[in-house]
Amino acid sequence: MICLSGLMAATNFAEFYKIKILKRLENYPFGFEGPVPYYYKSERMYATFMLFSGTIFLCILIFGSYSLIKGFRKRVYVAFSLTLLLILVILINSKIN
């Protein structure tokens, strides 16, 4: 759970940093070029989506890590389930054009 949510948070924050801060927009099909998800409408929307999802993964990571350190097994399972559920939601969300 820690590796999965940490990896997803880091990946989403890296995408936000690359698009919003560094302005590296090459190789991104912004403006609905081809079959892309709705959040590719603009670089601002994409960066916002990445920041939002990264923040949620970070919150789950903190919650899960705290639960693991304190020995709350049920909460660790909840954090792992939330991580998998959020990944599923993002996959379904990416199919919306």
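How many disulfides does a search of the whole structure find? The count comes to 0. Keep in mind as you read that this is a predicted model. Here are my notes, point by point.

1. **The cysteines.** Let's stay with that zero for a moment. Cys 3 is in no disulfide, and the nearest cysteine sulfur, the one in Cys 59, sits 19 Å away. Why does Cys 59 not bond with Cys 3? A disulfide needs two cysteine sulfur atoms within 2.5 Å, and the 19 Å between the sulfur of Cys 59 and that of Cys 3 is too far for a bond. As for their surroundings, Cys 3 counts as exposed because its relative accessibility is 67%, and exposed means over 50%. Cys 59 comes out at 48%, so this residue counts as partly exposed.

2. **The overall plan.** If you trace the protein chain, you'll meet 3 helices and 0 strands. Read along the sequence, that gives the pattern α-α-α. The C-alpha trace spans about 50 × 25 × 15 Å along its principal axes. The chain has 97 residues, and buried ones make up 32% of them. Now take the contacts between residues at least 6 apart in sequence: 59% of these join residues at least 24 apart.

3. **H2 against H3.** Helix H2 covers residues 43-70, and helix H3 covers residues 73-93. How do the two sit relative to each other? They pack at an angle of about 165°, and their axes are 8 Å apart. An angle over 145 degrees counts as roughly antiparallel, so that is the label for H2 and H3. Their crossing is left-handed. From H2, the residues making the contact include Phe 49, Ile 56, Phe 57, Ile 60 and Phe 63. From H3, they include Val 76, Ala 79, Leu 82, Thr 83, Leu 86 and Asn 93. Try clicking through these in the viewer.

4. **H1 against H3.** Helix H1 runs over residues 2-21. H1 and H3 pack at an angle of about 40°, with 9 Å between their axes. What do we call that arrangement? H1 and H3 are oblique to each other, because 40° falls outside the ranges for roughly parallel (under 35 degrees), roughly perpendicular (65 to 115) and roughly antiparallel (over 145). The crossing of H1 and H3 is left-handed. Here the contact is made by Leu 4, Ser 5 and Met 8 of H1, together with Thr 83, Leu 84 and Ile 87 of H3.

5. **Thr 83, a residue worth a look.** Is Thr 83 buried or exposed? Its relative accessibility is 0%, so Thr 83 counts as buried. Thr 83 belongs to helix H3, and takes part in the contact of H3 with H2 as well as in the contact of H3 with H1. Leaving aside neighbours within four places in sequence, Thr 83 touches Met 1, Leu 4, Ser 5, Phe 57 and Ile 60. Its side chain also has a polar atom 2.9 Å from the backbone oxygen of Ala 79.

6. **Leu 4, on the H1 side.** Leu 4 is in helix H1. With 29% relative accessibility, Leu 4 counts as partly exposed. If you skip the neighbours within four places in sequence, Leu 4 is in contact with Thr 83, Leu 84 and Ile 87. There's also a nice example of folding back here: Leu 4 and Leu 61 are 57 residues apart along the chain, yet their C-alpha atoms are separated by 8.8 Å.

7. **Asn 93 and Arg 44, two polar residues to compare.** Asn 93 lies in helix H3. At 14% relative accessibility, Asn 93 counts as buried, since the cut-off for buried is under 20%. Which residues does Asn 93 contact, leaving aside neighbours within four places in sequence? They are Tyr 38, Tyr 39 and Phe 49. Arg 44, by contrast, lies in helix H2 and is exposed, with a relative accessible area of 62%. Arg 44 and Lys 20 are 24 residues apart in sequence, while their C-alpha atoms are 7.2 Å apart in space.

Terms used. Residues numbered from 1 in each chain as written. Predicted model: local features only at pLDDT ≥ 70, side-chain atom pairs only at ≥ 80, totals over all residues. Heavy atoms only, no water. Buried < 20%, exposed > 50% of the residue type's maximum accessible area, 1.4 Å probe, protein only. Helix = DSSP H or I, 4+ residues; strand = E, 2+ residues; numbered from the N terminus. Polar contact = N/O pair within 3.5 Å; in protein donor to acceptor, adjacent residues only side chain to side chain. Contact = heavy atoms within 4.5 Å. Axes fitted to C-alpha atoms, helices over the stretch in contact; angles between N-to-C directions. Left-handed = near helix turned anticlockwise from the far one by under 90°.
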